[in-house]
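User: Could you take a close look at the place where the two chains meet, and tell me what is found there? I would also like to hear about any enclosed spaces and unusual backbone spots.

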Number of protein chains: 2
Amino acid sequence: MTEPIQTQMANALRFLAVDATNAANSGHPGAPLGMAEMAVALWRDHLRVAPQAPTWPNRDRFVLSNGHASMLIYALLHLTGFDLPLDELKRFRQLGSKTAGHPEYGHTPGVETTTGPLGQGFANAVGMALAEKLLAAEFNTPEHPLIDHFTYVFLGDGCLMEGISHEAASLAGTLRLSKLICLYDDNGISIDGAVSDWFSDDTAQRFAAYHWNVIGPIDGHDVAAVSAAIAQAKAQAATPDGKPTLIICRTTIGKGSPVKEGTCDIHGAPIGTEAAAKMREALGWPYAPFEIPEAIYAAWDKRAQGETLVAEWEAQLAAYCAAYPEKGSELKRRLAGELPADWKDIKARLFAAAAADEGNPATRKASQNALNVLGPAVPELFGGSADLTHSNLTDFKGATPVRRDQFGRHLSYGVREFAMAAIMNGIALHKGLIPYGGTFLVFSDYARNAIRMAALMQQRVVHVLTHDSIGLGEDGPTHQPVEHIPSLRLIPNLDVWRPADALETAVAWTAAIERADGPTALVLSRQNLPKIHTDPGKASEIACGGYVVAEHGTPQIVFIATGSEVSLALQAAERLAEMMVGSRVVSIPCVERFAAQPEHYRASILPEGLPKVAIEAAHPDLWYRWVGANGAVIGIDRFGESAPANELFAHFGFTVERVVATAQALLGR
Amino acid sequence: MTEPIQTQMANALRFLAVDATNAANSGHPGAPLGMAEMAVALWRDHLRVAPQAPTWPNRDRFVLSNGHASMLIYALLHLTGFDLPLDELKRFRQLGSKTAGHPEYGHTPGVETTTGPLGQGFANAVGMALAEKLLAAEFNTPEHPLIDHFTYVFLGDGCLMEGISHEAASLAGTLRLSKLICLYDDNGISIDGAVSDWFSDDTAQRFAAYHWNVIGPIDGHDVAAVSAAIAQAKAQAATPDGKPTLIICRTTIGKGSPVKEGTCDIHGAPIGTEAAAKMREALGWPYAPFEIPEAIYAAWDKRAQGETLVAEWEAQLAAYCAAYPEKGSELKRRLAGELPADWKDIKARLFAAAAADEGNPATRKASQNALNVLGPAVPELFGGSADLTHSNLTDFKGATPVRRDQFGRHLSYGVREFAMAAIMNGIALHKGLIPYGGTFLVFSDYARNAIRMAALMQQRVVHVLTHDSIGLGEDGPTHQPVEHIPSLRLIPNLDVWRPADALETAVAWTAAIERADGPTALVLSRQNLPKIHTDPGKASEIACGGYVVAEHGTPQIVFIATGSEVSLALQAAERLAEMMVGSRVVSIPCVERFAAQPEHYRASILPEGLPKVAIEAAHPDLWYRWVGANGAVIGIDRFGESAPANELFAHFGFTVERVVATAQALLGR
């Protein structure tokens, strides 16, 4: 049952959602109305957050996976005392407001992750719950459980229809992430109408199959029932075989709107002022739009509770630091996202080792060599692979695997590229760890929107994408990424590195780790690549994203190349030198970094007057920006073939002869 | 139990897989070895195919969803009498062979779909089973069940971990696609090792939650048990509440290889000649590599059976055509992939209607208007949307919805973008229907690899991708595609149309329907766009992909634009004309079509000497190929914002003033 004040609290959420969507003449009132009692139960009775300290490390995480219900979280944040004034709610969905159409991390205090693309918030939450377990295992002591919080999720039918919900739930169940508690807004309606015609899963049975603790269905409009279910989930989490919990809350979409409740019409359009007036009458809500009585504000206010929680935690942290000074400062450093104090030395060691490497490793192997230095030295690095650990080479020496009862340094995510990427986003958002994860470059497609979300949220996430082109050989066109390198470069705020040898790979890794404001894709070869650099001092030039690798005589032409094609360009330049034609070879392992350099630097590397040939075993068209109209691009604009790699490079024209001929044609010879 | 000849038949598959991977020194022997008995049970006892007529319309479909087991299907096709000689098996994974690393549709007779990217083959099969139901509902009569076949799938742990398996299975269960029979190779091993540490689902319970008929676990190495399970599934399919079936077959990966069976080592690497010799000894197989005794060939041969099946079916088709001449010739046309005889008239009507439209519809609305003409006139069009029917506007007047007991013309796929795309691929591969489906352009990310697979397989699939840029407004950056238009253009063999008005939209639709060798993406606006064309005769120019929309005086500059930016370019050109500066406005609704035109045509549209400005509310870099070094691009290289659309266009600089200023700067004024 729901007490009178709870009803009022729920209705405050409802009317803020109705008034804001009406004011914006845009938005989704249906879900906030339907989830109002669920929100009262969770936020009033259970959620441990501190409105004045929204980033307090040990707060419970709350993820609104059905992000179109954004007005619900804005109303909650406003009412509980976060820095989100009423004026911002009045400017819902307007340019520059803190109340964007979908909740955006970094934009609104208290928003833990950006949601809207369905299913991903849920997977982010799995990442947060995993990060909690990892950090707790690393830092907590029995007396000082400094990292000890729940991760709560609201999610809807859409999230559960998306495939990523399967991937994330299956892994969360296998790992028994018991402090993950999800409330399913089971309203039976999606945009096309009543879901039974396209979504008839027995969701309770489905989640039981994943080894979840399933509660319900319960009445999602009964605050006491929802609150009791959450209490039960928390108690269950503390048992030896604790599991993640799904609470199935039967609700009515648009609950409270006499005109539209229970229909899909209320999902994605404001109800209008007339329906709002009728709703005020029906619910006995005499207040004007955006007017909330003080008593309801007072009932919602979580600031005093938050202050107490933070003060208690700070005291515990102080005691911890006194007892374990080293671990204490390490924990502080990690939560602040700062790199180890000896980071410069680590880099120097790494570059020296890479430059000294006598072999000609594939860059995926060079990456593992780098991880063998970085892994032990940077304990926040948390690795994984989507079931390709021994192909992506993401594990490092001594990296303990993650298991149900062992929260180590490397996770076999299973064949779940999309969930892996979204879980990594959740780990990064949690703070305390730098996640990296591997798959084949071609399967970045599966994860693409989560990579985009990391870029949008400016999260430090590293994607290790191996088998970078036709050079993977016999697995053929399904596995040969042709368009993927350029298409990743198109995602704003994603750095894409395609290193050419061990030193470039090492630099790419350090750039990815140093980058605090966005994700990085490391695009690596399956096949061995000739060693280019022996001087670790070259690292600073490489870090610029583009630099001169070699120059023969007075250059008449410039070759631009990346990754496996740099050595091809070097060979072509030598051939031309034998023909008394001077040239320059430029390696651009990271176009984004190079483009961010001052113009004078770029012009010094790519002089304007000289004709240019770009060479990359990928779709050519993005390179025209760099070679200009009088330039040429040697690339691949069709799908690959199944054959040994060396035959494929010849078949697709990546030969010294063709590069030389292309240069000669440009030079008019 | 497995009879002696069955053991021999299974071992023939095993040794062909071992010998071919050894010869290639590349490939995946583990799964073919593990699934050999499953293959005997299905292919010998149940599968109705015709080796000499591999495209016989009523054949059972067989999909190897775990495509890395490609040698299994190559061995099956060879042994049963398809046109795949032993020499091709000896050239496994070599350039130009018919035995690519992963099975490729159109490359090898008998391969129904290209597999390798895990989970997609399973979803393709859902599409095939759906197409069977749709065509059966449309054409079959009680006496003449012309379309009446099963769709069989082999799949592995990887397919079941992928999220797409959830989306596809959930929809298949809801729709009760009872003639879909899947055999799960439950070997407990994936690339990282024993799956229990990352994949512990109770798969039987999971599929029961989807309303599947689940059989097993059974012994996957017992031919009789597998065969009986398939028989049971077929019988169940014929019951009133028939459901799709999952048969869980417990197997041992690499079965038969005494050295490596049951380990992940055998998954992705040849076992070598020594281990092959030991295996020959262990299994009592005295034959040389690639040697198969005649008795085993004879036992496998399905040619006689196939001839009978085809002859019976042809007789039935003849009887059907005699009884229902119109439906008979319609069925033949549809299965042949030919457009209606009056296609030219349909187009003319469509273009006339679009040109006559007095309004200024959003192109998504113009698309629905086009569908209102095309839907009734082209009965093979089969629509759908990933739960955005009323946003994508994919339904047309009179389109009956698909329900469990009603196989109509439009399907609510649910919030399942990836499965929708892969199911559409399966529908197209089946033949008889042209599938199209809608989602928001930004969520093409979720479906991206299936769009790629359609392009690789050259399938006629139409993606209706609405809400094409910042013009969608308040939903904000999570929903605003910035990089998606160019990133789709990078996929080889995908045509991307971004029409500017109703006529361009109509032309785009006809181009998509006429295109028999690849998929098309229609990128459509949410917001209304000014009408540009009143003359339907302009359609032939539009069909070239790029053409001159307007010219003022003697052009000194060329504007290139697409979609919503064409009208902006037209306004800028008028402003310049007022300033006595001549210009040309070129619309390029489809870059791929334009690029495919002869050089003289392209040069006539984009004359070499003139400076060029490209305008598109998307990532700019691909346009440098077209504007050259002395050109400019007005685009968006960062994420969008949440605000009303008109404010956003101003905010991101899509204004007449900026376009004019950019032109003036290029002209040195």
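Analyst: Happy to help; here is a walk through the interface, then the cavities, then the backbone. This is a predicted model, in which local features need pLDDT of at least 70 and side-chain atom pairs count only at pLDDT 80 or more, while totals for chains, interfaces and linings use all residues. Residues are numbered from 1 along each chain as its sequence is written, chains are lettered from A and ligands numbered from 1 in the order in which they are written, and side-chain values use heavy atoms, with hydrogens and water left out.

Let's start with the interface itself. Here 100 residues of chain B are in contact with 100 residues of chain A, contact meaning heavy atoms within 4.5 Å. About 8300 Å² is buried between chain B and chain A, and carbon and sulfur atoms give 55% of that area. Buried area is the accessible area (1.4 Å probe) that two parts lose on being put together, summed over both.

Now for the charged pairs. The rule finds 10 salt bridges across the interface of chain B and chain A; a salt bridge needs a side-chain nitrogen of Lys or Arg within 4 Å of a carboxyl oxygen of Asp or Glu. B:Asp197 pairs in this way with A:Arg403, with 2.9 Å between the closest N and O atoms. On the side of chain B that touches chain A, helix α19 (residues 444-457) of chain B gives the largest share, 8 residues. Helices (H or I, at least four residues) and strands (E, at least two) are DSSP runs, numbered from the N terminus. By class, that side of chain B has 38 nonpolar, 36 polar and 26 charged residues. In this scheme Ala, Val, Leu, Ile, Met, Phe, Trp, Tyr, Cys and Pro count as nonpolar, Asp, Glu, Lys and Arg as charged, and the others, Gly among them, as polar.

Over all chains, the search finds 56 salt bridges. In one of them, A:Arg93 meets B:Asp475 at 2.7 Å, N to O. This pair joins two chains, because A:Arg93 lies in the loop between α5 (86-90) and α6 (120-139) of chain A and B:Asp475 in the loop between β11 (462-466) and α20 (484-489) of chain B.

Next come the enclosed spaces. The structure holds 7 cavities of 30 Å³ or more. On a 1 Å grid over the protein atoms alone, a cavity is a set of points where a 1.4 Å probe fits but cannot get out, and lining residues have an atom within 4 Å of a point. Grid points are joined across faces, edges and corners, and a volume is the space filled by probe spheres set on the points. The largest cavity has a volume of about 90 Å³, and its lining includes A:Glu167, A:Phe418, B:Glu167 and B:Phe418. Two elements give two or more residues to this lining: α8 (163-174) of chain A and α8 (163-174) of chain B. The lining of the largest cavity has 6 nonpolar, 2 polar and 3 charged residues.

The second largest cavity has a volume of about 70 Å³. Among the residues lining it are B:Trp43, B:Arg59 and B:Phe82.

Finally, the backbone. The peptide bond from A:Gly216 to A:Pro217 is cis, with omega near 10°, and A:Pro217 is found in strand β6 (residues 213-219) of chain A. In chain B, the bond from B:Gly216 to B:Pro217 is cis too, with omega near 5°.

How values were computed
On a 1 Å grid over the protein atoms alone, a cavity is a set of points where a 1.4 Å probe fits but cannot get out, and a pocket is an open set with protein on both sides within 12 Å along at least five of seven lines; lining residues have an atom within 4 Å of a point.
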